[in-house]
Amino acid sequence: MSGRLDRLARWPLWSMIWKEFVQLRRDRFTLAMMIGIPTVQIALFGYAIQTEVRHLPTLILDESKTEQSRSLVRALENTGNFDISREVMSRGEITRRIASGEARAALVIPPDFARDLKRHRQANAQVIVDAADPLSASAAISAGGQIGAIESQRLAARTGTSSIDIRVRPWYNPGLRSAVYIVPGIIGVILSMTMVIIASIAVVRERERGTLEQLIVTPISKTGLMMGKVVPFLLIGYVQITVILLVGRILFHVPIVGSVGQLYLIALPFIVASLGVGLLISAAVKSQAQAMQLGFFYILPNILLSGFMFPREAMPGPAQWVGAALPLTYFLRVMRGILLKGAGLDDLWRESVVLVGFSVVLVGLAVRRFHKTIE
Amino acid sequence: MTAAADQFGIVTKGLSKSFGAIAAVVDLDLEVRRGEVFGLLGPNGSGKTTTIRMLTGLVRPTSGQAIVAGIDVVTAPERVRQRIGYMSQRFGFYEDLTIEENIRFYGGVYGLIGRERTERIAEQFTRYRLGDRSRQLAGTLSGGWKQRLALACATVHRPDLVFLDEPTAGVDPASRRLFWEMIREHADLGMTIIVTTHYMDEAERCGRLAFLSRGHLIGVGTPKEITTRFGLPTIEDVFIELQRRDEADANATA
């Protein structure tokens with residue numbers, strides 16, 4: 001064995017990593033949480049979205065009362081997003097019943113709908129969706145928009161040049177956002193949460209038990225110590241991503257338009273950066289309880305300001321600056337870009353560079369802040 | 001300064017440590033020779049643990065010099081690590097690892113690999129009478145076993161010096177006796193042992209003793225020299241006398 005290879009084999013880091021895995025294997029509870037949390041979270045989100053979105057109680061105001069208008073109602077029903085609950089006689093009734101919550105959507109077909117179709121003019125109809133809860137409304141809105149196109153095609157095939165324009169009007173919440181938009185974000189949020197807390201607790205636990213003191217007197221370097229915590233948890237991060245992607249895909253048909261390989265690649269600096277935050281927290285606190293508290297304190301701005309829940313564009317300046325200082329903000333763009341839009345590294349290189357920067361700076365700071373003394 | 005002390009022992013000069021306004025150790029001059037079992041004695045808060053922590057590089061001295069195994073601990077704490085072993089009051093092993101895994105882990109951290117490590121683990125098992133419990137989780141061991149495992153972990157890399165900070169606190173008398181027999185064996189093989197203790201029977205087993213009182217070194221010598229100097233029949237009497245003085249001083253300054 002050459003000298004360099006021999007030195008490499010004797011790195012204390014290997015033992016750290018091995019030890020961490022043995023401990024993880026014994027810590028069934030943590031292990032179960034690592035896989036259980038993402039599964040439960042995505043299932044909760046996913047099912048809530050699905051049951052709400054499908055079967056919205058829908059009002060029909062059919063002022064046309066023709067074969068064409070009834071065909072449009074059937075098309076709407078066939079999307080599965082709308083359940084016809086009753087026919088109403090006036091727009092005022094629609095307003096009342098949606099405001100009271102009795103109905104969540106309405107289809108309004110004006111009197112001249114069939115006449116316009118017959119004269120090969122554009123026929124108009126309106127779908128109203130209660131968008132107070134944007135999660136439930138988004139799919140209904142897109143489905144409502146689509147039936148216009150579908151019906152147009154059907155009619156065009158039969159009669160020639162007719163077209164139907166369905167105007168979808170989301171009520172109460174015009175700045176609405178789509179459900180699929182949220183789901184990829186969950187990967188980022190869960191990763192930030194678990195990685196930060198797991199890393200901080202792992203170091204603080206060693207300090208509390210006195211094993212850190214023992215490690216400090218061994219030849220292991222500060223970097224070795226920190227890396228011994230980063231590498232094993234990196235693997236847990238990837239397991240979590242995989243679990244969320246699989247559950248999202250199998251149960252809720254979350255699209256994966258782009259390359260999974262590139263997603264896993266850009267996830268690396270994000271996970272490392274999150275672990276870096278956890279290690280920094282561990283240097284600042286004295287107990288596991290404090291580490292948990294600081295961890296949750298860190299999660300809150302991540303959920304609120306990263307663009308996970310609310311669009312950053314609508315935020316006041318200072319909130320945007322805080323958001324810009326969070327790795328999750330960039331990782332969300334990456335996730336949504338790859339999963340929903342099929343973007344690749346060439347589109348997302350700016351975000352990737354920022355994430356690599358975060359990971360290097362945060363872990364570097366953590367190593368610097370960690371002293372091989374116990375004062 | 002002898003050559004032996006230079007390479008395998010300890011020399012400190014004016015070693016001091018303050019935590020804010022509190023002086024934990026003041027101007028400590030010590031010399032420990034190779035193969036000695038050297039006891040640090042003193043009441044709680046006298047600076048024993050701080051002294052050991054300075055000598056192991058866990059705490060940076062405020063001023064003064066400390067040469068351990070020929071290496072300056074203040075300027076090059078990393079270089080001394082491979083040469084020393086340390087066992088704290090809290091036993092620094094992992095309760096959720098087995099006995100065997102703990103020794104394997106510390107062996108690896110000290111750079112042992114392959115057959116060398118396997119042989120060393122077996123050696124530690126025999127030497128520390130860890131017998132047939134290799135697969136038992138360390139957290140489920142009794143006090144005496146925990147203590148022997150901690151020592152096995154601290155010496156897996158065959159250090160020249162071993163620091164023991166109250167190693168027998170909360171351990172039954174039979175285990176304490178066994179432990180001291182092992183310490184004796186180590187010293188006979190040329191290992192230098194620095195140990196702090198509260199137990200007077202243990203103090204009597206040390207080759208030489210250093211008495212600390214409120215951060216100051218009060219006396220160094222064999223147990224016999226110490227008792228003679230204080231004109232008291234036993235080490236225990238000396239200890240109680242010192243503690244009484246400490247309390248009187250504390251009351252005077254308060």
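A residue is called buried if 20 or more other C-beta atoms lie within 10 Å of its own, exposed if 12 or fewer do, and partly exposed in between, with C-beta atoms placed from the backbone. S100(A) is exposed because 8 other C-beta atoms lie within 10 Å.

The structure is a predicted model, in which local features need pLDDT of at least 70 and side-chain atom pairs count only at pLDDT 80 or more, while totals for chains, interfaces and linings use all residues. Residues are numbered from 1 along each chain as its sequence is written, and chains are lettered from A and ligands numbered from 1 in the order in which they are written.

**Chain A**

The secondary structure of chain A comprises 15 helices and five strands. Helices (H or I, at least four residues) and strands (E, at least two) are DSSP runs, numbered from the N terminus. Of the 375 residues in chain A, 43% are buried. Two residues are in contact if their C-beta atoms, placed from the backbone, lie within 7 Å. Among the contacts in chain A with a separation of 6 or more, 80% are between residues 24 or more positions apart.

The predictor's confidence in each residue is the pLDDT, from 0 to 100. Chain A has an average pLDDT of 82, and 86% of its residues score at least 70. In residues 172-179 of chain A the pLDDT is below 50, and this stretch has 20 contacts in the model beyond near neighbours in sequence. Where pLDDT is low, the predicted coordinates should not be read in detail.

S100(A) sits in the loop between α5 (91-99) and β3 (105-109) of chain A. Its C-alpha atom is separated by 49 Å from that of L235(A), 135 residues away along the chain.

**Two residues with positive phi**

K65(A) is not a glycine, yet has a positive phi. The same description holds for R158(B), which is not a glycine and has a positive phi.

| Residue | Phi | Loop | C-beta neighbours inside 10 Å |
|---|---|---|---|
| K65(A) | about 50° | between β1 (56-62) and α4 (67-78) of chain A | 13, partly exposed |
| R158(B) | about 50° | between α6 and β7 of chain B | 15, partly exposed |

**Chain B**

In chain B, an open sheet of four strands has the order β2-β1-β4-β5, with antiparallel pairing. Two strands pair if DSSP finds at least two bridges between them. Because β2 (22-32) and β5 (71-72) of chain B stand at the edges with a single partner strand each, one side of each has no neighbour in the sheet. Strand β4 (residues 63-68) of chain B is joined to β5(B) by two bridges, and the two run antiparallel. Opposite V68(B) stands I71(B) in β5(B).

Helix α6 (residues 143-154) of chain B has 12 residues and reaches 16 Å from its first C-alpha to its last, close to the 16 Å expected. The expected span is 1.5 Å times one less than the number of residues. Of the 12 residues in α6(B), 10 are buried, including W145(B), L149(B) and C153(B). The buried residues of α6(B) pack against β6, α4, α5 (114-127), β7 (161-165) and α7 (173-188) of chain B.

**Between the chains**

How many residues of chain B are in contact with chain A? There are 24, and they touch 21 residues of chain A. On this side of chain B, the elements that give two or more residues are β6 (84-87) and α4 (99-109). The largest share, four residues, comes from α4(B).
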